[in-house]
Amino acid sequence: MYPEMTAAELAIQLKEDKPLNLVDVREPDEWQDGHIKEARSIPLSELQERINELKQGDQDIVLICRSGGRSGKACDFLHAQGYKVVNVTGGMLQWPGEVVYGK
């Protein structure tokens, strides 16, 4: 299995300027409706063909979606491929920080 963190724990890590490889797996319309500034958008529907974009040094890949379900599926898939992943439980529904809009 892989580790999980809450949206509040993620917010603390970002506030402390910890380097994170944060990937939002929601669809583009959801991303545009509000996302975390430090995140990159790689929708779950495109994850397999864009898997080469995930690596960012030795950092674990932190995955977030709306509630934690899709990011959990992405974690299952990537963990099986040998990636170090962390699922953000509660997702954007529980996100206590600021969001940015648009692309």
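Which residue just after H3 takes a positive phi? Keep that one in mind while I walk you through the helix, and remember throughout that this is a predicted model.

Okay, the answer: Gly-82, with a phi of about 95 degrees, just after H3.

Now back up into the helix. H3 covers residues 69-80, so to speak twelve steps of the chain: 12 residues in the run. From its first C-alpha to its last, H3 reaches 17 Å, and that's close to the 16 Å expected at 1.5 Å a residue.

What about its sides? The buried residues of H3 are Ser-71, Gly-72, Ala-74, Cys-75 and Leu-78. Look down the axis of H3 and these buried residues fall within an arc of 160 degrees, so they line one face of the helix. Flip to the other side of H3 and you'll find Lys-73 and Ala-80 exposed. As for what sits over the buried residues of H3, the cover includes two strands, E4 at 61-64 and E5 at 85-89.

Those two strands come back when we turn to the core. The largest nonpolar core has 16 residues, and the ones with the most contacts inside it are Leu-10, Leu-22, Ile-36, Val-62 and Trp-95. E4 and E5 each supply at least two residues of this core, and so does helix H1, residues 7-15. H1 gives the most, with four residues.

Let me pick out Leu-22 for a second. Leaving aside residues up to four places away in sequence, Leu-22 touches Leu-10, Leu-14, Ile-36, Glu-38, Ala-39, Arg-40, Val-62 and Ile-64. There's also a second, separate core, this one of 15 residues, and among its members are Val-23, Ile-42, Leu-54 and Leu-63.

Last topic: cysteines. How many disulfides does the structure hold? Zero. Take Cys-65, which is in no disulfide: the nearest cysteine sulfur belongs to Cys-75, and it's 9.2 Å away. And why does the sulfur of Cys-75 make no bond with the one in Cys-65? Because at 9.2 Å the closest cysteine sulfur is too far for a bond; the cut-off for a disulfide is 2.5 Å between the sulfurs.

Are these two cysteines buried or exposed? Cys-65 has 1% relative accessibility, so it counts as buried. Cys-75, which we met on the buried face of H3, comes in at 0% relative accessibility, so Cys-75 counts as buried too.

That's the tour, so over to you for questions.

Conventions: Residues numbered from 1 in each chain as written. Predicted model: local features only at pLDDT ≥ 70, side-chain atom pairs only at ≥ 80, totals over all residues. Heavy atoms only, no water. Expected span 1.5 Å × (residues − 1). Buried < 20%, exposed > 50% of the residue type's maximum accessible area, 1.4 Å probe, protein only. Arc of directions from axis to C-beta. Contact = heavy atoms within 4.5 Å. Core = buried A, V, L, I, M, F, W, Y, C linked by side-chain atoms within 4.5 Å.
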